[in-house]
Each structure stands twice: as structure tokens, then as C-alpha cells.
Amino acid sequence: MKTIAVIFGSRSAEHDVSIVTALSAVIKPLELTKKYNIEAVYISKEGSWYWDDKLKDISLYQSGNIESFMKKAPKVHLLYDNGLTLVKSSQFAGRKAYKKIDVVFPATHGTHGEDGELMGLLEMANVPYVGCDLPSSAIAMDKVTSKVIAQSEGIETPKYEFLHSDTFALKGNEIIAELEKSLNYPLFVKPARLGSSIGISRVETSRELVNAIEVATHYDSKVVIESAVPNLIEVTVPILGNEEMMPALVEEPISPEDGVFDFYTKYMNQGKGGKKMGGVKQGSQGYSKLPADIPDDLYDKSIEVAKKMYKAVGCGGIARIDLLIDSKAKKVYFNEINPMPGSLYAHNWRASGVSNVELVDKLVDLAEKRWSQKQKYTTTFSTNFLKQF
Amino acid sequence: MTLKNCIVDGLSIKYEVLGDSKETILMLHGWADSHKTFTPLVGLKDRYCLILVDLPGFGSSETPKEAWGLKEYSKFVADFLTKIGRKDVYAVIGHSNGGAIASYGLANNILFAKKLVLISSSGVRDQEKNKKKLLKVLTKTGKLATAWLPQETKSKLRNKLYENAGSDMLAAPNLQESFKKIVSHDIQEEVKKINQKTLILYGQEDKATPPSYGKVFEQNITNSSLEVLPGAGHFVHQELPNEVYSKISEFMESK
Amino acid sequence: MKGFLSLYRFRLPSYFVYMLQQVEYNPTKFHKWFLRNLKSNKSIRTIKQRQDLVVTNRARMLLFLSYVFIILSAFFILYISRNNTLSLKFTIFAVYFIVLPYLLEIYLVIVAFFAHKFVVVPQKNKLINKSTKVFANHKGIKIAVIGSYGKTTVKELLNTVISQGKKVAATPGNMNVQVSHAKYARSLIGDEDVLIVEFGEGEPGDVESMSATLKPDFAVITGLAPNHLDLYPSVDSIASDFLSVYKYTQKENVFLSGESELLLKYIDEGADTYDSKEVMGWKISDIKITIDGTSFKMKKDNNSMSISSSLLGEHQVANIALAAALADKIGLSKSEIELGCSKTKPFEHRMQPRFIHGAWIIDDTYNGNLIGIKAGLKLLNNLDAKRKWYVTPGLVDQGEETDSVHVEIGKEIAKYNPDIVVLMDNSVRQLIEKSMKEYGFTGELRVEPNPLEFYKNLEHIVVAGDLLVMQNDWTDNYN
């Protein structure tokens, strides 16, 4: 049986969301395939790594017993030896437990994981892993870089500017004036590389803009300021695959009145409020219309734009592309791309005819295919350089 | 409704501003609670501008990096008000620990207001001393005595012990140090310096902060009046929303 | 090894007492379970996964006696080994510790035996005498519900429908043994218009004794199946026990399910049967079944009723119609009956539809017989879906019939040929699998090791547009 390590948690604002993704949408269904042996690898908020079967139980985190677990549990060593091996000291007489890993399933969200850092580690180990690779993850996580890529592919994005916290601290007033010259209110202010909707504000006055930039720079040194799309319909398209792409349903999240998807409505408000409104379903991340209630031409265009973006960024395995639609002008703008959608967006896949179990199984398969393809390419050369030296 | 966001003392803080009057009422929630606790009182927004804030460590605000006591919390409140440009407050309403923060801040001229409402306020500690001692002993010996039990039974048992010791510690495990700091701070003497007109509300059945604390506050705050509401516990404003609401709005209107 | 080690748990007595409770303190059944458990070498912890011990006075007493036994025996061992050397003492104690679970089991069998003989049985007789008196003095109409399956459903249907116009007291839950009847009799106030009593069959003579106690004005026999063959010597003896109700109830007031082929073999000419075509002279037509429920029309002479219920399945038509017809017989109006029927709802785990993530799950895990399996598969076949699943662990308690019943199940599955069939990895799996394939099943077969685990994780397995019927749970004592 193949051994899959599921890595989750990490130093991220979405640490808790990652636990839910890993435990409910990845580990459980992977176990249900009965094809793999699953090792749970948890990265704490402080950045320590743990590896234990106990980490598969959600109640460990809910009860707060994770604290006492971490005090006692040995930390993990990673052994890079033609692949990846987990090592920890076992409880018996200082002997070490080893586990060779066949495939890694990264299930982290946001910083220090989904942003490509973890993928870099796995590339170095030359172990197959699920989802987007290092460059695509890094591009996807940066709202500015991904917009640049979109533009180069001829995909429209809302008008935007970006700034660094240092420059803002130095010449704040100047920057505000410049922003107000090039962009029109209402504006959205976002930390450029955070992933979740934390730190995002919608502003209409310069006073609010200043405060919003201050809030955004609290989370990231790079901040993006963009114009709001009028007549807005937000949609999101999960896509599965490497070269061959399979989109799920176009989904329309239902956001609170002012249009920003707040972290707490996105993740915390499950089960509250409107039950079965016509066509409205509760997904893993709040409420949404599934499929989106938009005209066919916009629906098709959304899928087209999403696929184009997925390819342009070089995603693999899975990703979710968020789009902004101007319903009057019939324009589809690229908003952002999420390399690891919360809970894999299993609710959407399920509605598209892919069960959670099939989904994770397919992802592992895609990871292995990508890896074996990569093995064909030569990366080392024997030279006589050293001898000549 | 999305909360407003700002950065105070390096922490991301979420808050809500309701109503557009010039007279501002600041509302401070209790330990392990959030601004939402005051939902039954938001009717006051027709007459006043209400500021409801999630204190650091609670609701959707960030947690302070070191242990905070009443001093740090009340200083934070002052900074927060400055940040959002509402330094001048007409009244402060504090529930439980929020009451202790408000009292401490006003008594030490960290906060400024014309009126104060204390709902089931904490801050009187001497009667808790025994409990606290018990708690300390339990946390230390509890671990030893229960070491041989299976994990589930252990945590159940421990929760029960804490419960009996009246600890709120479990409710916010990441704030244990702040909690210890706060519960060891008695403000009985300090509140004598409060000269604001003060309304003190307690629930007759309150076990966490019994009405006897209210008596202490009433005796020590010159211009204060205590009302003990029968049939209510620690969350008086939620259990008897109409009564608490009318008592507070009457108090706000009074000269 | 796991099973063996699991016996050395501090809470072992509570597991034993739980099992005793499950087998109603019957020492033979308890001992059989213990032997089976030893043989299968399963951890004893697996038995309490579904429910926990209900702490009754009896259970408390048994727990107390178990611990007293453990303590006293330990002291006894210490006492008899007092003069030995330390190492011998230690050895004796170790041996004692190893055999302790078995000693405890034997001890509990003995305690249960005496308790059964000197407490349970005499108490039961006293209670029966009392309830006979209560029922005799009660002026309400008495309805008995008898049968190998479907009793609780029919009882609840009658209760819901008749309650529209009369004051009804029905036996609660599936408390259908005489002791619980006595409790029920005590709870009656006296002003009830109708009493509905469910008769459970436990051993030969049970139904007859209950009939003698209640003396029903009306009786319904919902069907006959070879259940409880571990307690009844044969199907014949079950049938004759059921039909003994004729001794206490007028012939024209006993209604028998005409859909139970086995039952039809035992009944006389002129017996009044009911089925989905005709019930007590009412002709049934226009049957419609959807995921939302069942509807049909009933006609008799110049009267007609339009019945609808959210109960699922063709097999429920006869039951709903029976409740309607019997309600009519005891004087309810047409509108009361129609309203009453519309209020009937699926019961927990009985053809109960659930909608999860775009898929329909029909939970029929309380079913325990072949008739129900046929009905479930038929329902699966009649409803529309993108993909159809059928899930069953097979049937427990089939005695000698085990082989033939499971061959029949396989045949039935093959007949409707669902897209995916899920079987549980247990003793009857191969029987079903072989028969399924023999009769031409062409869909996908999956085998799951743990039913509970499978039920819990359905959300990960289904997709939108699926329809899944799951039947027959595999209870703790049959693992």
C-alpha cells in the first residue's frame, strides 16, 4: 500500500481552515479509498512539525488537547534521501520511527504552505505531491503577479495599483493622491499574498483608504488597491487536472450586502440563516448558488477564462479561479486564483458528479503522473569541470 | 454585516459603529465574549452613537502577544478611541470583565466619560481568593491525581474541577496568562476614585459575579446606585433585555 | 489477541451488563454471545459503539454485584494464598487475574439465571394479572397489532390517523413485551377511546398470553416471516401463536396482511385479508409514489377518500389504507381520516428519506426481513435518479433459513440491477454476492468492512443525483 502524507496547519491565518480541509476533505476520503496508508503531518501555528495518528481526530483540536499533545509529542525530522522520509523519535528507548512517503498531499491554506514554500521543500525531496507546483503556487498567491499574467494572456482584470508598506510609511499622502488620480472609488484594498479575505476592505473616502491600507499592511508588506467592478456578480470555478482540465460547476457565492466576503461568513457561519432558498445551497464555505445563476454566454465565458488562467499560471492537480462579472457590460474579469480551495470545494465537485473519495483519488493520480513525467527530463549532467579545475 | 477594521497597538481590531448621534456610548464585553453580547441593547443607537468593539483576544480581534492585565486593556481602549477619532465618550457600558476594564480606566484617568454602567462587573477579588487558591491547587495536583486515568475521562474530570472552581480559563485557553493577571487584580480600592455617575446592575442569581460585588462597587463609588434584578444570572442584559434596556436608557437620559 | 486483551478493561462489567440488557437478562443468550465474541476475537469495545448502557435499577444492581464479586474474589485469593511464598503468591494472583473475566462471565450467567427464575418471571406474572384487570375494566376500543414485521409502523399509522378524531393511547416505541404492556396499562387514565397495543413475539405462547390479557376488539396481523427461529421451533409455531388471537377476537374483526405469502398459507377461507388492492371492502386505485411520499384513492360503495402520506414505498399502501379503513370503521369522518393520513411521516430509520449534498438517501436500517428488502429494492427501482445504490449487510436472525434467504436477496438485487451494490464484509456476504452474480447482476459491487463507518461517511461517497437505499443494520451482538 502506498503511503500518503497529508500536511496541514502551518503559520497562516487560515491555519484552522486547513485542519478542517485536511481532516474532513482529504484524510477521511483518502482512507475510504482503502488504497493508501495515511500519515497526518501537522504544522503548528508556531511552525513546529508533528506526525501522529492522533492528529487525524478533529476533537483533538476542538478540545484544546492539542496543546498538551504538542508538549509531549516528538517533533518530526524530514529525511531527504532519494525521496522523502518522515523521522521521529518513538517512545521506546530512544529508537526512531521512519516512514518513507510515496505521495504528499499538502492541505495548507494561505501563507507558509499554499504560497509555494511547502512545494519547494517537496521539489527538493523529489517526492510526488498533490496540487499546484512551486512556481504556479507562488504566482497564484500573489494577487499582483497573477494579474500581470492574466493581462499578458489578454484576460481582463479590474484596474489596480499596488504598493509596499515601506513606501507607504514614507510618503503616504503622496501615494493616496496618486491612487485617487489613477483609480476611482469605490476601491478594494487587499493584502497581496494572504489567500483568505482577511484584511480586505472596501473604501469610498480617502480617510477610509488610509485606514484600509494600514489594515492591509498589518498582514502583508505588499498591498493591492483595485477598482470595484460595477453590476458585480462574483463567481468561482474549481478546475481539476494537469494538461487536461476538467472544470466543476461555476459557483456563485452569496456575499453579505456590501460585497466583501468576510472571513467569518466564509468559514464560520455554517448552518445559520437561510435554509433552502431556491437553488441556494450551503457549501463548505457559506452559501452559494450552484450552478451560478448567470446567462449561458457568461457561464461559458467564465469557464473559458478560468481554464485559460489555470493554464497560463501553470496550475496542476487542482485550483479554484475567482472571477468578477460585470453583468451589464457582459465582461468577465479575473480576480484571483486559489491553488488549494478550502475543503477542496468538495461540495461543488460532488454536485458536478465527482464524489469526495473519487476527487482525492484522482488528485493523487494526477500528482503521480506529473511527477513521473518530470523524471523523464534530464537535470544533471556529468561534466569534466571539476577535473579541469 | 461586515465589521469595521483598524490597527491598534499593532493588533487588528474589529468593531462596529451604530447610530449617528454626537453622544457616544462605548460598550465593553466580558471575558471570552464578544461585542455581540450587547445585541439586546443596540436599540440605544436611535439616541446615541454606539461603539461596540471586540477586545483583543476575543471575537474577531487579534490576541495580544503578551499577557495583558486591566491596565493594558484600558490603555488599549483609550488608544482605540483615539484611532477611530472618538476620544470623547459620553458613557461607558461594561459587562463583567468589560466593567472591570471600564472602572479601572476611568478611575486612573486613562479613559474619560460622563457616565458609567456596570453590568455584572468583575474586579472584586477577595471573595474569590479561596476559589482561586482551590483552582491553583487543582491545576497542579489535578494533573498528578488524574494521570492514570484515560485521556477522555481526564479531560472531562478536569473540566468539571475547573467548572466548580468558577474558572473562565477554559473558555479562552490561549489567554491563560492574561486571565491569571486579571483575576489577581482587585480594583475595590481604585474604584473609589471614580466620580462619574454610575449605574450598577447585577442578577440576583449570578454565581460568577454575585450581587455582593455590586454592593462593594456601590459603597466605593460615590455617585452610584445599585439595582439587583431578580431571576437573572451573569448575563442580565440578555436574560432580562427589556428591563436592562429601559433602566440604561433612563439612566442615560437623566441629568 | 485484541479480543482477548480487551477483556482486561476496568469497565468490563459495564460491557457485560450492557449485553445482558440487550438480551433481556436471558442467561443462555448472554452466554452464546460471549462464546461468539471469544471466537471472533473482536475487541469488546466494539459492542457499545451504537448505544450505551441504560442505567436501570437492574443494571445498577448487576454492576454493583459484579464489582462486589471482583473485590471479594480478589480478597479470597489473597486469603487462600496468605501462607505461600511471595513469588507463588504473585503467580496465583496473576493466574487469578487472567481468568477473572471468565469467572465474571460465569458468575453473571449464574446471577442472570437465578434472577430470571426468581425475579423476572414471578414479577412478570404478577404484572400480567394486574394488566388483565386494567384492560378488562377499560371501556375503550382495543386494537392488537401482531406480526413478524411492520408492527410498529402499523401501530404508529393507526395512532396518527385515529388520533384525528379519538383519544388514543398506544404502546410507546417498540415496547412490545408483556412487562412493558403492564407499564402501559398502569399509565392509562381510563378516558381513552382507543387503545392500540403492539404484540411482540419472543417465545411460543407470547402472543396468546398477550391476547388473553388484552382481549382485543380488533386485531391486525401484519405478516409472517421466519424471524426469531432461535426462540420458536418453527414457522408453524409462530403462525399458530399469531393466529391464537382468534380465540379472543371475533373472526370478522381480525385483519391479515394478504401481502405476506407465508401468512396466507396458514389462514382459513373467509379470513379478512388486506393488501394494496383492497382493504376491508375499500378498493384502492391511482397509486403514485415519489420521493416525497405515497398517494392513492380508496372507494367503497358511494364513498371515496383521497389519501396521501409522506411514507415511502408501495409496501406502505396497504398499511396506510388499513389505518384509514379501520378509522372509518370506528367512526372517524372522511376529512379526519384524510387529514390523519397526511400527517403520517416516515419513522426513524424506516424508509426515511434524507437529502445530503444533492443525493437522496433512503434509510431503512431498521428493516429486518426479506419482505422489506423486496420493498426497498422495488422503491429504488421506481424512483428516478442519475445513479442508484443499494446497501445491505444482509439479514440477521434467519436460523436455518440463512442460506436460502440470502440467495433470495441476491436474486432480488439482480432483478432490479442497481448501478452500485454495497455489501458488508460479514458471514453472509458471499452468499449474496454469489447469488447476485448467478442471477445476472451487472453493476459495480463494493464490499465494506464496517457498516457504521460506511454510514457515517456517506457524504464523502455520494454525488449529487444519487439515490441510495440502505437496509438492515447489523446489530452489536451479531458481529
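Helices here are DSSP runs of H or I with at least four residues, strands are DSSP runs of E with at least two, and both are numbered from the N terminus. With that in hand, welcome to this structure, which is a predicted model.

## How the chains meet

Let us start with the contacts between chains. There are 2 pairs of chains that touch, and the pair A and C has the most contacts. On one side, 8 residues of chain C take part, and they meet 11 residues of chain A. The chain C side of this meeting place holds 4 nonpolar and 4 polar residues, with no charged residues. Chains B and C, by contrast, share no contact: their closest C-alpha atoms are 11 Å apart.

## Chain C: the overall picture

Chain C contains 17 helices and 16 strands. Its C-alpha trace extends over about 95 × 60 × 40 Å along the principal axes. How does its radius of gyration fit that of a compact globule? For 479 residues such a globule would be near 23 Å, and the 25 Å of chain C agrees with this.

Of the 479 residues in chain C, 41% are buried. Among its contacts with a separation of 6 or more, 74% join residues 24 or more positions apart.

The domain assignment divides chain C into domain 1 (2-121), domain 2 (138-276 + 314-342) and domain 3 (352-478). Taken over C-alpha atoms, the centres of domain 1 and domain 3 of chain C lie 36 Å apart.

## A helix with a buried face

Now look at helix α15 of chain C, which covers residues 429-438. Leu431(C), Ile432(C), Ser435(C) and Met436(C) are its buried residues. Why do they line one face of the helix? Viewed down the axis of α15(C), the buried residues fall within an arc of 125°, so they line one face. A general point helps here: an α-helix has 3.6 residues a turn, so residues three or four places apart point the same way.

What do these buried residues pack against? Their partners are α14 (402-416) and β14 (420-424) of chain C. Just after the helix α15(C) comes Gly440(C), which has a positive phi of about 95°.

## Chain B: a covered strand and a helix end

Chain B has 8 helices and 8 strands. Buried residues account for 40% of its 255 residues. Of the chain B contacts with a separation of 6 or more, 72% link residues 24 or more positions apart.

A good place to look is strand β7 of chain B (residues 197-203), where 6 of the 7 residues are buried. Strand β7(B) pairs with β6 (residues 115-119) of chain B and also with β8 (residues 224-229) of chain B. In the first pairing, Leu201(B) of β7(B) stands opposite Ile119(B). In the second, Ile200(B) has Leu226(B) in β8(B) as its bridge partner.

From here, turn to Glu239(B), found in helix α7 (residues 236-239) of chain B. Is Glu239(B) buried or partly exposed? It counts as partly exposed, because it has 17 C-beta neighbours inside 10 Å, and 20 or more would be needed for a residue to be buried. Leaving aside residues up to four places away in sequence, Glu239(B) touches Gly203(B), Ala232(B) and Gly233(B). Glu239(B) and Gly203(B) are 36 residues apart along the chain, yet their C-alpha atoms are separated by 9.2 Å.

## Chain A: strands in two settings

In chain A, strand β7 spans residues 103-106. Val103(A) and Phe105(A) point one way from this strand, Val104(A) and Pro106(A) point the other way, and all are buried. In a regular strand, side chains alternate between the two faces of the sheet. Strand β1 (residues 2-9) of chain A runs parallel to β7(A), and Ile4(A) has Val103(A) as its bridge partner.

Elsewhere in chain A, an open sheet of 4 strands has the order β13-β12-β17-β18, with antiparallel pairing. Its edge strands are β13 (246-247) and β18 (331-338) of chain A, each of which pairs on one side only. Within this sheet, Asp322(A) stands opposite Glu336(A) in β18(A).

The table gathers the strand pairs described above.

| Strand pair | Direction | Bridges |
|---|---|---|
| β6(B) and β7(B) | parallel | 5 bridges |
| β7(B) and β8(B) | parallel | 6 bridges |
| β1(A) and β7(A) | parallel | 4 bridges |
| β17(A) and β18(A) | antiparallel | 7 bridges |

Conventions: Residues numbered from 1 in each chain as written. Chains lettered and ligands numbered in written order. Predicted model: local features only at pLDDT ≥ 70, side-chain atom pairs only at ≥ 80, totals over all residues. Domains from an automatic or database assignment. Contact = placed C-beta atoms within 7 Å. Nonpolar A, V, L, I, M, F, W, Y, C, P; charged D, E, K, R; others polar. Buried ≥ 20, exposed ≤ 12 C-beta atoms within 10 Å, placed from the backbone. Arc of directions from axis to C-beta. Rg over C-alpha atoms; globule rule 2.2 N^0.38 Å. Pairing = 2+ DSSP bridges.
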